[in-house]
Amino acid sequence: MLKISNSVSIPDEEIELHAIRAQGSGGQNVNKVSSAIHLRFDIRASSLPDFYKERLLALSDNRISSDGIIVIKSQEHRSQEKNRVAAYARLEALIRGATQVQKKRRPTKPTRSSQRKRMDKKTQRGQTKSLRGKVTY
């Protein structure tokens, strides 16, 4: 059972795990051991609350297919168990991240003194550059 929060958890039956062969370097171990994990989680068929489902389906994440299925491939570790734990952690992080509501940004204005300082620096810089011209007698 994957625990998302105190009140929300996902039963293991809703998460589909497959062991596959990992890509990349690793020598003989890669060729003979299926250590990578392919995790599939159907958002629409899950027992998650509707708020979670709506937020997940609204995400524009390349791990979520158009059918509403989350696909996570974990192959960063050599052992299958560590990859399974990593895949579960990534699924949990994805779901938690989708449900966090961003604080509304309040636009700020620069202070009058900071605007004045900026303009003074610009004029001073311009004067310095104008003194670099040709000297005429």
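Guide: Before we look at any residue, one cut-off is needed: a residue is called buried under 20% relative accessible area, exposed over 50%, and partly exposed in between. In this structure, which is a predicted model, E81 has a relative accessible area of 46% and is therefore partly exposed.

Visitor: How many helices and strands should I look for, and in what pattern do they follow one another?

Guide: The chain holds 4 helices and 5 strands, and reading along the sequence you meet them in the pattern β-β-β-α-β-α-β-α-α.

Visitor: What radius of gyration does the chain have, and what would a compact globule have?

Guide: For 137 residues a compact globule would have a radius of gyration near 14 Å, whereas the chain has 27 Å. The C-alpha trace can also be followed along its principal axes, where it spans about 90 × 45 × 25 Å.

Visitor: How much of the chain is buried, and how much area does it expose?

Guide: Of the 137 residues, 26% are buried, while the exposed area comes to about 10500 Å², of which carbon and sulfur atoms supply 49%. Contacts add another view, for among those with a separation of 6 or more, 57% join residues that are 24 or more positions apart.

Visitor: Where can I see such a buried residue in its surroundings, and is I72 buried or exposed?

Guide: I72 lies in strand β5, and it counts as buried because its relative accessibility is 0%. Setting aside neighbours within four places in sequence, I72 is in contact with I37, H38, L39, R63, A87, R90 and L91. One of these partners, A87, is 15 residues away in sequence, yet the C-alpha atoms of I72 and A87 are 6.5 Å apart in space.

Visitor: Where does S35 lie, and is S35 buried or exposed?

Guide: S35 has its place in the loop between α1 (28–32) and β4 (36–42), and with a relative accessibility of 5% this residue, too, counts as buried. Beyond its neighbours within four places in sequence, S35 is in contact with I20, A22, H77, R78, S79, Q80 and N83.

Visitor: Let us turn to charge; how many positive and negative side chains are there?

Guide: The chain has 29 positive and 13 negative side chains, and the centres of these two sets lie 22 Å apart. As a general idea, side chains of opposite charge can pair when their charged atoms come close. In this structure there are 4 salt bridges.

Visitor: Which residue meets E76 in a salt bridge, and what is the distance from N to O?

Guide: The partner of E76 is R90, and their side chains meet at 3.4 Å, N to O. R90 belongs to helix α3 (residues 80–99) and E76 to the loop between β5 (69–74) and α3, so the pair ties together parts that are 14 residues apart in sequence. R90 is partly exposed at 27% relative accessibility, and E76 is partly exposed with a relative accessible area of 47%.

Visitor: What separates E81 and R84 along helix α3?

Guide: E81 and R84 are separated by about one helical turn, because they are 3 residues apart in helix α3. Their side chains meet in a salt bridge at 2.6 Å, N to O, and R84 is partly exposed at 24% relative accessibility.

Visitor: Which residue pairs with R63?

Guide: The side chain of R63 meets that of D61 in a salt bridge at 2.9 Å, N to O. R63 is partly exposed, its relative accessible area being 28%, and R63 is also among the contacts of the buried I72.

Notes: Residues are numbered from 1 along each chain as its sequence is written. This is a predicted model: local features need pLDDT of at least 70, side-chain atom pairs count only at pLDDT 80 or more; totals for chains, interfaces and linings use all residues. Side-chain values use heavy atoms; hydrogens and water are left out. Helices (H or I, at least four residues) and strands (E, at least two) are DSSP runs, numbered from the N terminus. The radius of gyration is taken over C-alpha atoms; the globule rule is 2.2 Å times the number of residues to the power 0.38. Buried means under 20% relative accessible area, exposed over 50%, partly exposed in between (1.4 Å probe, protein chains only). Contact means heavy atoms within 4.5 Å. Accessible areas come from the Shrake-Rupley method with a 1.4 Å probe; for residues, only the protein chains shown count as cover. Lys and Arg count as positive and Asp and Glu as negative; His and the chain ends are not counted. The place of a charge is taken as NZ of Lys, CZ of Arg, CG of Asp or CD of Glu.
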